Amino acid sequence: MKLKSLIIAASLAASTATIAQAEGVKVGMITTLSGGGAGLGIDVRDGFMLAIAQSGRDDIEVVIEDDQRKPDVAVQLADRMIQSEQVDVMTGIIWSNLAMAVIPSALAQGQFYLSPNAGPSALAGADCHENYFNVAWQNDNLHEAAGAYSNDAGYANIFILAPNYPAGTDALTGFKRMYEGELAGEVYTQLGQTDYAAEIAQIRASGADSVFFFLPGGMGISFLKQYADSGVDLPVVGPAFSFDQGILQAVGAAALGVHNTSQWSKDIENETNAAFVESFQAEYGRLPSLYASQGFDTANLLISALEVADVDDADAFRAALEAANFDSTRGDFAFASNHHPIQDIYVREVIQEGDVFTNKIIGTALTDHSNAYVDQCSM
Amino acid sequence: MSLLLFIEQTLNGLQFGVMLFLMAAGLTLVFGVMGLINLAHGSLYMIGAFAAAAVAGATGSFLLALVASFVCAAFAGVLIEFFVIRRLYDRDHLDQVLATFALILIFSEATRWVFGSFPLFLDKPDWLSGTVMLPFGIEYSLYRLAIIGVGLVVAVGLFWMISKTRIGIRIRAGENDREMIGALGVNISLLYTFVFALGAALAGLAGALVGAIQSVQVGMGEPVLILAFVVIVIGGIGSIKGALIGAILVGLTDTLGRSMLPSFFGLFLEPSSAMSLGASLSSMSIYLLMIGVLLFRPKGLFGGV
Amino acid sequence: MRKETICNAALLFGLLAFPLWAWVTDEPFLITLTTRAIVFAIAGVGLNFALGFGGLVSLGHAAFFGLGGYVMGVLAFHAQTYTSVMDWPFVISGTKSMPIIWLVTIILSAVLAVGIGALSLRTSGVYFIMITLAFAQMLFYFTISWSTYGGEDGLSIYVRNGFPGLNTMDPIQYYAICYVVLLMVLAFVFALSRSSFGLALGASRQNEDRIQAVGQVPFRLYLTAFAISGAITGLSGALFADLNRFVSPTMFSWQTSGEIMVFVILGGVGRVFGPVAGAVLFIVLEHLLGGLSEFWHIYLGAILLGVVLFARGGLYGLIAGREVAHD
C-alpha cells in the first residue's frame with residue numbers, strides 16, 4: 001500500500017492540473033450498436049448526439065461504447081467508464097436485463113443515470129434511487145395505455161399474448177391493470193419464436209373480439225405478417241415497439257390500420273417536435289423513431305440541468321434534473337416522485353404516406369399518466 | 001380443446017415440420033456426404049432471405065426473388081466451400097465447429113454492414129395471399145399450404161436424385177468409401193462442391209420462403225439452425241428420410257406442446273402459473289424429445305451403423 | 001517440451017505482473033479486464049479436460065458455467081433478502097461466503113455433469129455434440145422463464161460475496177483470489193493428467209479397444225472426466241457471477257458454450273495451459289478490435305478462421321511447437 005500511496009501522492013499535483021483544465025462534462029453512453037437489436041441503440045445514440053450538436057456546447061464529451069446486448073459486457077464497460085474514464089453521468093442502455101445488471105451498481109458508486117429506454121419496475125419501485133431518472137417511460141406504461149384504449153374502443157373479450165420472460169409478464173400485467181373486460185385467452189409464447197400459426201389458431205377458436213400483443217423486434221414482424229395472412233380479422237392493439245419507424249417498413253401492409261400506443265409520434269404538434277423530426281431527417285436521411293426521440297429528450301434534459309447547475313454539485317444537479325425544465329418532443333413532461341415521466345400516451349394508427357409506412361395520432365389513451373410503482377418508492 | 005382445433009394444430013405442426021425439413025435437408029446432405037458439421041448453414045439461410053428481399057424490393061417479383069435466393073446462396077456456398085470448407089474435410093469435428101462458428105460471425109456482421117441494422121421487407125405475392133377452405137371447415141393460409149407443397153417437392157426431388165441419378169449413385173458411393181470412388185476416377189472435389197452448393201441453395205430457398213411470413217433480419221439463421229440440428233440428430237445424420245421424419249416429429253411436438261401444455265396444466269393450477277409453466281415446458285419439449293430418441297437410438301431413428 | 005514450460009512460466013508471470021502494474025498506475029479497469037480473462041481461462045481449463053484429454057467435444061459447457069453463476073446468484077440473493085432457499089424437507093439458508101458458494105457449486109456441477117454425462121456418453125461424435133447442446137438449451141429456456149430468480153432479467157447482487165480476511169470489492173484483491181483459484185485448478189489438472197487415471201483417459205481417447213482389453217471401462221473414465229470438467233467450469237461460473245455481481249440466462253446460451261470452446265482452441269487443445277493463453281488472447285482481441293469498428297466481429301471471425309485453418313494447435317502450437325506433451 002505504501003508504494004501505491006507514494007505514487008499517487010507524487011502524481012496528484014499533475015492530475016489536479018488536468019482536472020482544472022478539462023472543466024466540461026463527461027457522459028458515458030453504453031448502448032447496443034452491434035448484433036441483433038442494434039437498430040434501437042443506434043437510434044438512441046443518433047437522437048442524443050443530434051441534441052448535443054444542436055446545443056452548440058463543446059464542453060460535453062460523450063464516450064460511446066457498444067454492449068453487444070450482453071449483460072456481462074455491459075457490466076464490464078460500466079466498470080471501465082466509472083473506474084478509468086471517470087464519467088459524470090451515464091446513459092444509453094436499451095434492454096431491461098442489461099439495465100438491471102448495470103444501473104444499481106453504477107448508482108451505488110455515486111453515478112447519475114439517465115435512462116433513455118429501459119424502465120424495469122424494480123427501479124421505479126423498491127429499488128428507486130435519487131440519482132436515477134428515466135426519460136422514456138416505466139416499462140408498463142404503454143401496455144397500461146393499451147388496456148385503457150381497449151376499454152374506450154369497447155372491446156369486451158380480448159385475447160392477450162406476450163413472450164414468456166419478465167418483460168412479457170409485466171406487459172400482460174400492465175395491460176390487465178387498466179383493462180376492464182373479459183379475457184378470451186392469455187398465452188405466453190417462446191422468446192425468439194418465429195412461427196405463430198398455433199397461437200393464431202387459438203385466437204380464432206377462442207371467440208375473442210380483439211387481440212392485444214406485446215412481441216418486440218422480429219417476433220412482432222413475424223406475428224403481424226402471419227396474422228394478416230390467417231383470415232382472422234379481429235382488431236389488434238399493441239404497444240409502439242412493434243410499430244416503430246425502424247421496423248414498420250419490414251412489416252409492410254400487414255400493419256396497416258393497426259392501433260398502437262405510444263408516448264411519442266412524429267405528428268405530435270409542437271415546435272420542438274417539428275424541428276426535431278426535420279433536423280433528424282436532414283442529418284441522418286431517415287425518419288426518426290420513438291427511440292431517437294427518447295435519446296434526443298434525454299440529451300436535452302441533461303443540457304437543461306447543466307445550464308443551471310454544476311454536475312459536481314450533486315444536490316443542485318439533481319434538483320435541476322427533477323425540474324425537467326426542457327422542451328420535450330412530447331410537449332408536456334414532468335417527473336413523478338420516483339423520477340419516471342408523467343406524460344400523455346397516445347393511440348396511433350399505422351398509415352401509408354406515399355411509399356413509407358408510418359403512424360398517425362388518432363386519440364389520447366391516458367392523460368398525464370404516471371406509473372403504478374410510485375407508492376413503493378420511498379423517495 | 002375441440003377436435004377441429006386439434007386438427008388445425010396438427011396441420012400447423014406438419015407445416016412447421018416441412019419448413020424445418022427445407023433447412024435440415026441441406027445440412028444432413030452435407031454431413032452425410034462429407035462428414036462436415038456446418039454451423040454456418042444458418043448464415044446461408046439468412047443470405048437467401050436477404051437476397052430475396054433485395055431482389056423483391058428492386059423488381060417486385062416474388063418468383064425472381066426465389067430464384068435469387070437459390071442462386072445467391074448457392075454462389076455463397078461455392079465460395080466458402082472453395083476457400084474454407086475444403087480444408088476442413090479431413091479435420092475433426094472440433095475444428096469444423098470452430099471454423100464455421102467463425103463464419104457465422106463474419107457473415108452476420110457483413111450482412112449488417114451491407115443492409116443495416118433494421119429488418120428488411122419481404123412479402124408473399126398476391127396470388128399466394130389469403131386463405132382457402134379445407135374439409136371440416138378449416139380455414140387455412142394458402143401460403144402455408146404452398147410451403148408444404150414446396151417442401152414435399154424438394155423431399156421427392158432429393159429422394160429421386162439420390163436413388164435414381166448418376167450423381168446420386170456417386171453421392172452414395174462417396175458416403176460409403178471416399179478413397180475408392182476417388183480411385184475410380186470420380187472428381188471428388190467437384191462432387192463435394194456440388195453437394196455443398198446444393199445444400200446451401202436449399203437453405204437459401206428456405207430462408208426466402210420462410211422470410212416472407214417472418215422477419216428478415218440479421219441473426220435469423222441461428223435459432224433455426226439449432227432446430228435443424230435437433231431435426232437431423234433425431235432423424236439420424238445423413239439420412240434424408242430421417243430428416244423428413246425428424247422434422248415432422250419436431251414440428252408436431254413443438255406446435256402441439258405449445259398449444260396443449262398450458263391448458264393441460266390449467267386443469268390443476270391457477271391460470272397464470274399454468275400458462276407460464278406450460279410455456280416453459282413446451283420450449284424445452286423438443287430437446288426432451290431429442291434426448292429421449294437418443295437414449296433409445298444413439299444414432300438417431302435412421303442413422304444406420 | 002522445455003519451450004512449453006518457458007511459455008507457461010511467462011504466462012503465469014505476465015498474469016501476475018500486468019495487474020500489479022495496473023494497480024500501481026491506478027488503472028482498476030485493466031485489473032477487472034484481466035480478472036475476466038482469468039475466469040474465462042478457468043472455464044476453458046475445465047472444458048479442455050473433457051475435450052483435450054478425454055476427446056469429448058461438448059458444446060454444452062454453458063450448462064455448468066451458468067449453473068455456477070446461478071448457485072452464486074441464488075444463495076447470495078437469499079442471503080441479501082434474509083430468506084431461505086427452501087424450508088422443506090430441511091432448511092437451507094442463503095450465504096454470502098465465497099468458499100461455501102464454491103463448494104456447493106463444485107458439488108452441484110459435478111452432479112449435473114454426471115447426470116448429463118451418463119445420458120450423453122451413450123452417443124458419440126456429432127450426436128454427443130448436439131445432445132450436450134440440447135441440455136444447455138433446456139437450462140437456458142428454463143432460466144429465462146424462471147420468474148422467482150428474475151427470468152431473463154437475471155439477478156443483481158449489489159455487493160460481491162465475502163472471503164475471510166479480504167475486501168472482495170477491491171479489484172486487485174478479487175483478482176488475487178481468482179489468480180490463486182486458477183493456479184490451484186492448473187495444478188490439479190496437471191497432476192491429474194500425469195496420474196494413472198489421466199494416462200488411462202488419454203489412452204482411451206486414442207484407442208478404446210485396447211483400453212478395454214486391459215480391463216478399464218472407457219465409459220467410466222469418460223464420465224469421471226466429464227464430471228471433473230463440469231465441476232471446474234461450474235466454479236468459473238461462480239467466479240464470473242461474482243466478478244459482475246450479476247447472473248443472467250445469457251450464461252447458459254449456446255454462444256457461451258461456443259466462446260468457451262474458442263478459448264480452448266485458440267490456446268491449444270490438450271495442453272494444460274492452452275486455455276489460459278486462449279482466454280487472454282480472446283480478451284485482448286475483444287478489447288482492441290472492439291475499439292476499431294462497430295463491425296469488429298468480422299475481424300474476430302477472420303482471426304478465428306485463420307487460427308483453425310493455418311495455425312493448428314492454437315497459440316501454443318505456434319510458439320511451443322506441434323508436439324503435445326502428453327501424447
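How many helices and strands are there in chain C? There are 13 helices and four strands. The legends below take this predicted model view by view.

**Figure 1. Chain C, the overall fold.** Chain C holds 13 helices and four strands. Its radius of gyration is 20 Å, close to the 20 Å that the globule rule gives for 327 residues, so chain C is as compact as a globular protein of that length. Along the principal axes, the C-alpha atoms fill a box of roughly 55 × 50 × 40 Å. Of the 327 residues in chain C, 55% are buried. Contacts that reach far along the sequence are frequent here: among contacts in chain C with a separation of 6 or more, 75% link residues 24 or more positions apart.

**Figure 2. Chain B, the overall fold.** Chain B has 11 helices and two strands. Read along the sequence, the pattern is α-α-α-α-β-β-α-α-α-α-α-α-α. Four helices thus come before the two strands, and the remaining helices follow them. The radius of gyration of chain B is 20 Å, which agrees with the value near 19 Å for a compact globule of 305 residues. The C-alpha trace spans about 65 × 50 × 35 Å along its principal axes. Buried residues account for 58% of the 305 residues in chain B. Of the contacts in chain B between residues at least 6 apart in sequence, 76% join residues at least 24 apart.

**Figure 3. The contact between chain C and chain B.** Chain C brings 34 residues to this contact, and chain B brings 35 residues. On the chain C side, helix 5 (125-144), helix 10 (254-267) and helix 12 (296-310) each supply at least two residues. Helix 5 of chain C gives the most, with 11 residues. By class, the side of chain C that touches chain B has 25 nonpolar residues, eight polar and one charged.

**Figure 4. The contact between chain A and chain C.** Here 29 residues come from chain A and 27 residues from chain C. Four helices of chain A each supply at least two residues of the side that touches chain C: helix 1 (2-21), helix 3 (71-85), helix 4 (96-108) and helix 7 (166-178). Helix 3 of chain A gives the most, with eight residues. The side of chain A that touches chain C divides into 14 nonpolar, nine polar and six charged residues.

**Figure 5. The two domains of chain A.** Domain 1 covers 24-139 + 269-343, and domain 2 covers 141-267 + 345-375. Their C-alpha centres lie 26 Å apart. The contact between them takes 24 residues from domain 1 and 21 residues from domain 2. On the domain 1 side, helix 2 (38-55), helix 5 (121-124), helix 12 and strand 12 (341-353) of chain A each give two or more residues. That side has eight nonpolar, 14 polar and two charged residues.

**Figure 6. Asp297(A) and its surroundings.** Asp297(A) sits in helix 12 (residues 290-308) of chain A. Is this residue buried or exposed? Asp297(A) counts as buried, because 29 C-beta neighbours lie inside 10 Å and the cut-off for burial is 20 or more. Leaving aside neighbours within four places in sequence, Asp297(A) is in contact with Val135(A), Ser328(A) and Thr329(A). Ala324(A) is 27 residues away from Asp297(A) along the chain, and their C-alpha atoms are separated by 10 Å.

Definitions and conventions: Residues numbered from 1 in each chain as written. Chains lettered and ligands numbered in written order. Predicted model: local features only at pLDDT ≥ 70, side-chain atom pairs only at ≥ 80, totals over all residues. Contact = placed C-beta atoms within 7 Å. Nonpolar A, V, L, I, M, F, W, Y, C, P; charged D, E, K, R; others polar. Buried ≥ 20, exposed ≤ 12 C-beta atoms within 10 Å, placed from the backbone. Rg over C-alpha atoms; globule rule 2.2 N^0.38 Å. Domains from an automatic or database assignment.
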